[in-house]
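User: Please examine this protein model with me through a short series of questions on its interior and its surface.

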Amino acid sequence: MGQRLRILDVGMGQGAQALRLARAGHTITGLESDAALLRAAREALASEPAGIRERVRLLEGDGRETGVHFLPGSFDVVLCHGVLMHVEEPDAMLAGLARMLAPGGLLSLLVRNADALAMRPGMAGDWSGALAAFDSDTYSPGHPASPVRADRLETLTATLAGIAAPLQAWYGVRVFTDNVPNEEGLPAAEELERLLAAEDRAGRTDPYRRVAALLHLCGVRG
C-alpha cells in the first residue's frame with residue numbers, strides 16, 4: 001500500500017467517494033450540510049468492517065466554515081467535488097479549503113465548465129438553448145433542479161494561484177457522455193471499458209477536454 005493520506009471530503013453526499021478512499025487505507029473526514037445525505041452516509045458506513053469504520057469521521061457542516069471544525073494544515077488532500085456550483089461566491093470558500101492543506105497538499109475540485117455550456121443543448125438540437133448558453137454562467141439541468149453556477153478554467157486558475165495552491169493539472173470529465181440520460185443503464189462490460197477509455201483519453205487531450213461538461217482541477221499548496 002502507498003502513503004496513507006489524511007483526506008477531507010467537503011460536500012461528501014452519501015459518502016460513496018469517502019468509503020472508497022477509506023477502503024484503500026486512507027483516513028477520511030467527511031463534511032456534509034444536508035442532514036438526509038449525512039444520515040445515508042452514516043448508514044452506509046455502519047455496514048463496513050470495523051477497520052474501515054475507524055478510519056472515517058463524518059461531520060455535519062458547511063464547506064464555507066472549515067475553520068470552525070479544523071486547524072490549518074490538518075489534511076494532505078481536500079476534495080470539493082460538485083460543490084462549488086452551489087456556492088454563489090466561491091473565492092472565500094476556496095481560500096478556506098486551501099488553508100486546511102499541509103504544505104504540498106492537494107486541493108481537488110470538480111466544477112461545471114462554463115466554457116462548454118452550449119454543448120449539451122447544441123448536441124441535442126436545442127438551438128435556442130445553445131445560443132442562450134453562450135452568454136450564460138449558469139446551468140439548468142432541468143426540473144425540479146434549480147440552476148447552478150458554472151466556472152471557467154481561466155478564472156479558477158487565477159483563484160488557485162491567489163490562494164497559494166496553484167493549478168498543477170486539469171482534466172475534462174464527461175466529454176462524450178453528458179447527454180446520456182441518468183436513467184439509462186450501463187452498457188455491457190466490454191463496451192463500458194471502451195467508453196471509459198475514450199472518456200479518459202479525451203479528458204486528457206486538447207481540444208476535447210475544453211468542451212467537457214465538467215472540469216477536474218488539481219491545485220497544490222506551496
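The exchange below deals with the cores, a strand pair and a surface patch.

Analyst: This is a predicted model, in which local features need pLDDT of at least 70, side-chain atom pairs count only at pLDDT 80 or more, and totals for chains, interfaces and linings use all residues. Residues are numbered from 1 along each chain as its sequence is written, and side-chain values use heavy atoms, with hydrogens and water left out.

User: Which element gives the largest share of the largest nonpolar core?

Analyst: A nonpolar core is a set of buried (under 20% relative accessible area, 1.4 Å probe, protein chains only) Ala, Val, Leu, Ile, Met, Phe, Trp, Tyr and Cys residues joined through side-chain atoms within 4.5 Å. The largest one has 29 residues, and Val78, Leu109 and Leu217 have the most contacts inside it. Two or more residues come from each of β1, β4, α5, β5, α8 and β9, helices (H or I, at least four residues) and strands (E, at least two) being DSSP runs numbered from the N terminus. The largest share, five residues, is given by α5.

User: In which sense do β1 and β2 pair?

Analyst: Two strands pair if DSSP finds at least two bridges between them. Val10 stands opposite Leu31 in β2, a strand with five of its six residues buried. Over five bridges, the sense of the β1 and β2 pairing is parallel.

User: Is Met119 buried or partly exposed?

Analyst: Met119 lies in helix α6, residues 119-123. Its relative accessible area is 33%, and the intermediate class runs between under 20% (buried) and over 50% (exposed). Met119 is therefore partly exposed.
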